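Dear colleague,

I am handing over the structure below, and I would be glad if you kept it open while you read the notes that follow it. They go through the parts one by one, and each residue can be looked up as it comes.

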Amino acid sequence: MDRPGDAETTLSRARDHAPFLRGAMERSPDIVEIFVNEGADCAVAAALARSEENVAVELRRRRDALALAVALGDLSGQFDLETSTRHLSDFADRAIDRALAAAIDERMPGAPLEGITAIALGKLGSRELNYSSDVDLILLYDPERLPRRAQDDAAQAAMRISREMVRLLQERTTEGYVARVDLRLRPASEVTPIALPVSAAISHYESAALGWERAAFIRARCAAGDALLGSQFLEAVQPFVWRRALDFGVIEEIGSIAARVRDHYASGQTFGPGYDLKRGRGGIREVEFSVQALQMIHGGRDPTLRTAATLDSIVALNQKGHLDRDGAAMLAEAYRRLRTAEHRIQMVDDRQTHEIPRDEAALQNVAALAGWNTVSSWLDWLRGHVEAVASGFNKLMPNDAVAVLPTDSEKLDRALARAGLEERDGALRLIAQWRTGRARSLRSSAARSAFEAMLPTMIEAIAAAPDPGHALNRFADIVDGIPSGVNFYRLLEARPELARLLARILSTAPALAHQLARRPALLDGLLDRSMFDPLPDAETFAAILGEQLDALEYDMALDRVRALVGEKRFALGVQLIDGKHDPLDIAKGYARVAEGVILALGERTRREFEITHGKFDGHGLVIVGLGRLGGEALTHASDLDIIFLYDMPTAEQSDGPRPLGPTDYYNRLASRISAALSVPTARGPLYEVDTRLRPQGTQGSLAVSMDAFAAYQRSEAWTWEHLALCRARPIFGTEAGQMKVHGILADIYGTDRDVAKLRKDAAAMREEMMVSKPPQGALDIKLGAGGLVDLEFAVHVTQLATREGLDPDLARATELLAEAGHAPQSLPADNRLLTAMLVVMRLIAPDTKKPARAARDLLAEVTGYPDWDALLEACQQARQRISDYWEKVRHA
């Protein structure tokens with residue numbers, strides 16, 4: 001462990017250096033008190049004793065309290081690494097089991113939890129779950145024993161139970177979430193349903209599984225659900241995991257996987273700021289695989305070596321003479337230090353990150369949380385162990401990896417030479433590994449032939465990309481991940497311009513590269529030039545979506561809309577980095593997609609809801625967009641800020657088979673729509689939905705009557721709430737309902753107000769925001785001084801003070817205020833520049849304080865400046881003018 005402390009010191013470190021823990025302490029003061037008076041074990045017990053009628057609420061509150069209790073036990077030194085990870089893993093097991101049971105009970109009340117099992121892999125499988133980790137699961141079912149309705153097909157029932165389980169665990173609500181669920185380790189995950197018949201899974205592992213799946217199953221166990229079914233499956237696949245005969249194939253497999261572990265993430269993995277504790281050279285993954293490699297070689301003949309936990313396996317290998325004492329001690333200590341450092345980084349904001357911060361302030365903060373006085377001391381505590389692991393891992397690398405590369409392709413060799421990769425040997429090993437046919441997409445001779453024909457074209461394109469090293473690593477993700485590559489590789493060979501565009505995507509846009517790795521078919525859509533046409537208005541796009549969704553069951557419709565929207569957002573991102581479109585037009589395109597989705601899913605969900613609960617008289621539900629959604633200027637990463645309002649009906653109950661009163665009716669409908677927009681399905685997530693701008697925030701009802709909303713705004717609302725409403729825009733509901741909301745907003749804007757108090761309140765809020773949400777470096781054009789937040793404060797205060805320029809579109813509002821003499825004439829252009837920069841940076845450098853060279857060049861190109869320095873100078877001048885304007889507004 002790193003440096004422990006007494007209870008008060010521990011609480012101070014948590015409060016001062018971990019915003020997530022600070023919030024958890026405020027939410028669970030009883031856990032803090034128990035920790036101080038009785039210790040961490042009692043705090044964990046109290047966290048797990050929380051009880052609520054609603055399963056989803058109970059699990060979320062337990063998880064939040066447990067995260068706090070474990071963190072305090074860890075930071076204080078009361079828990080070692082193994083105790084901390086075991087507490088987190090055991091809770092995850094119980095939560096998955098509860099979620100599966102609840103999912104079955106929803107469809108078959110009173111039915112037992114049987115016929116479906118959750119096989120845990122990865123760190124949950126070995127009971128080494130980290131502080132903010134996904135849970136890697138394979139869901140299997142027995143069609144004969146799965147509880148289901150008489151009319152339900154077993155596969156459909158298993159799919160629906162699995163989806164509900166995932167929703168219960170990972171949907172983010174006001175109470176947080178329980179666990180992020182990753183189901184991608186199942187056989188052929190790109191084409192198979194999220195739950196598989198157990199017989200089909202056994203058949204796959206007996207006949208078609210790959211080497212990496214062998215390594216993954218070393219840590220497999222039944223975590224939840226039908227334990228008998230899980231144990232029967234694991235027993236059936238034992239011969240696949242543990243082979244008694246030691247042959248050359250095993251050694252070759254180990255070398256191939258070792259090369260993949262290292263070369264896959266070779267770029268930028270030097271120890272220091274920015275180092276990836278998990279994937280970097282000498283990192284956690286190399287410790288784990290060093291151990292698993294020895295288990296794969298010797299575990300087939302010695303069952304005592306078939307332990308799942310890394311530290312237990314190190315002990316077992318040492319006892320049997322496969323690791324000497326010094327080697328075992330080195331690996332164990334390195335693993336403990338690396339995992340402890342990973343936990344400290346994740347405790348700060350409850351984020352699944354493994355990267356040592358690049359930003360100096362963030363780095364100092366993590367070191368302080370870990371109990372170190374200086375960053376250098378903390379890094380030195382890690383450095384020697386990282387270097388030792390990296391040195392040991394080198395022995396697993398295939399010595400002849402480079403030698404197997406054929407030398408008869410002069411075009412390929414020239415392209416590699418020009419690529420200027422940081423590690424050309426790594427590129428050669430990657431290509432050599434691909435040529436062994438072990439990548440999923442290269443199993444057939446036709447695929448390998450197409451790959452060889454494509455490779456020189458793709459390497460040429462990568463060589464010309466802004467960042468060849470990143471492009472090559474991300475291309476490796478695609479080659480390794482797609483189930484079939486024949487058509488994909490032939491397409492790239494035949495269309496060099498598409499290869500060029502792909503290399504640009506891989507080099508500059510990690511979000512788009514990730515989408516492509518999951519869905520390579522997205523690239524096909526770029527051949528249709530209409531994908532680059534401007535999007536239609538939101539109503540037309542909603543109608544297009546509606547036509548495709550109406551014929552599908554509701555669950556299938558949610559899946560389909562995620563696929564369609566993924567394609568549209570991907571195309572918009574490609575248009576942005578292609579440099580031929582105005583970023584502000586792309587921002588409007590993102591907004592049209594989101595609004596179209598709200599219209600289509602809102603209408604479909606309302607119809608589904610009415611089948612059960614009927615209708616009310618009146619104007620119904622209205623969804624109001626705020627922030628960037630209200631202003632029609634979203635980025636690739638924008639949340640949807642919305643509030644739900646409803647017209648109070650005259651009837652006391654709805655007219656359906658299961659009637660509800662107005663409050664319950666509209667709050668349940670709002671919750672269903674919010675889930676339709678946000679809950680991940682087999683196709684992935686859609687949007688993050690933020691409803692905190694409603695009256696009373698998270699403490700208030702999700703849906704509020706229009707009359708109550710108007711009364712609240714007149715007598716109780718804070719100044720910041722009126723400022724936020726300057727970008728409010730009704731986007732869903734009947735025409736009459738939307739008109740009523742427009743009238744309420746007009747009344748709010750026209751309220752007689754104390755302008756001096758308005759300015760004073762706004763200035764205080766901005767100062768508070770600077771403390772609670774400080775800018776992330778000098779290039780933070782949103783939160784930094786003279787950035788977009790300052791501009792928005794200045795504009796909204798001016799709008800409310802003068803009652804002019806009241807348009808939710810910030811671009812139009814700045815123009816109106818400038819025309820009326822209430823804002824500088826430069827403000828519209830300054831807003832356009834900073835907004836364009838934000839839209840681009842959210843896609844190409846979302847977490848970077850100082851964008852990489854490729855990102856800087858692209859940013860200058862798409863915003864119309866000759867180079868980065870010219871753009872930076874223009875940006876600084878714009879921010880100074882905005883800062884001056886805000887100072888004038890706040891002190892007027």
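Please begin with I104, which has its place in helix α6, residues 81–107, and bear in mind throughout that this is a predicted model. I104 is buried, because its relative accessible area is 1% and buried means under 20%. When its neighbours within four places in sequence are left aside, I104 is in contact with P109, A111, P112, L113, E114, I116, P147 and I161. The chain also brings M165 to this region: the C-alpha atoms of I104 and M165 are separated by 8.8 Å, with their positions 61 residues apart along the chain.

One of those contacts, I116, leads on to the strands. Strand β1 covers residues 116–121 and runs antiparallel to β5, with 4 bridges joining the two. Within this pair, I119 of β1 stands opposite C222 of β5. Strand β5, residues 221–225, has 4 of its 5 residues buried, so the rest of the structure largely encloses it.

Another strand to look at is β6, residues 621–625, where 5 of the 5 residues are buried. Which residues lie on each side of β6? On one side are L621, I623 and G625, and on the other V622 and V624, and since all of them are buried, both faces are covered. Strand β6 has two partners described here: with β7, residues 640–646, it pairs in the antiparallel sense over 5 bridges, and with β10, residues 729–732, it is joined by 3 bridges, also antiparallel. G625 takes part in both pairings, with I642 as its bridge partner in β7 and R729 as its bridge partner in β10.

Next come the nonpolar cores. In soluble globular proteins, nonpolar side chains tend to be buried together. Here the largest nonpolar core has 154 residues, and the members with the most contacts inside it are W434, M458, F475, L502 and V597. Helix α29, residues 583–613, supplies the largest share of this core, namely 12 residues. To see one member in its surroundings, you might select M458, which, leaving aside its neighbours within four places in sequence, is in contact with F475, L492, A499, L502, A503 and L506. A second core, separate from this one, has 103 residues, with V166, A179, A334 and L379 among them.

The packing of two helices can be followed in some detail. Helix α14, residues 284–298, packs with helix α16, residues 325–349, at an angle of about 145 degrees, and their axes are 9 Å apart. The crossing in which α14 passes α16 is left-handed. On the α14 side the residues that meet the other helix are I284, V287, E288 and V291, while on the α16 side they are L331, Y335, L338, R339 and E342. Sorted by kind, the residues of this contact are 6 nonpolar, no polar and 3 charged. As a help in reading such a list, an α-helix has 3.6 residues a turn, so residues three or four places apart point the same way.

Helix α16 appears again at the start of the chain. In helix α2, residues 19–27, the buried residues are F20, L21, G23, A24 and M25, and what covers them includes α1, α3, α5 and α16. Helix α1, residues 7–17, contains R15, which is partly exposed, with a relative accessible area of 37%. R15 is in contact with R22 and M25, leaving aside its neighbours within four places in sequence. The C-alpha atoms of R15 and E26, which are 11 residues apart along the chain, are separated by 9.8 Å.

Finally, two loop residues deserve a look for their backbone angles. D350, in the loop between α16 and α17, has a phi near 55 degrees, a positive value in a residue other than glycine. R803, in the loop between α36 and α37, likewise has a positive phi, near 60 degrees, and is not a glycine. Are these two residues buried, partly exposed or exposed? D350 is buried, at a relative accessible area of 9%, whereas R803 counts as partly exposed, at 42%.

With best wishes

Methods:
Residues are numbered from 1 along each chain as its sequence is written. This is a predicted model: local features need pLDDT of at least 70, side-chain atom pairs count only at pLDDT 80 or more; totals for chains, interfaces and linings use all residues. Side-chain values use heavy atoms; hydrogens and water are left out. Buried means under 20% relative accessible area, exposed over 50%, partly exposed in between (1.4 Å probe, protein chains only). Two strands pair if DSSP finds at least two bridges between them. A nonpolar core is a set of buried Ala, Val, Leu, Ile, Met, Phe, Trp, Tyr and Cys residues joined through side-chain atoms within 4.5 Å. Contact means heavy atoms within 4.5 Å. Axes are lines fitted to C-alpha atoms, for helices over the stretch in contact, and angles run from 0 to 180 degrees between N-to-C directions. A crossing is left-handed if the near helix is turned anticlockwise from the far one by less than a right angle, and right-handed if clockwise. Ala, Val, Leu, Ile, Met, Phe, Trp, Tyr, Cys and Pro count as nonpolar, Asp, Glu, Lys and Arg as charged, and the others, Gly among them, as polar.
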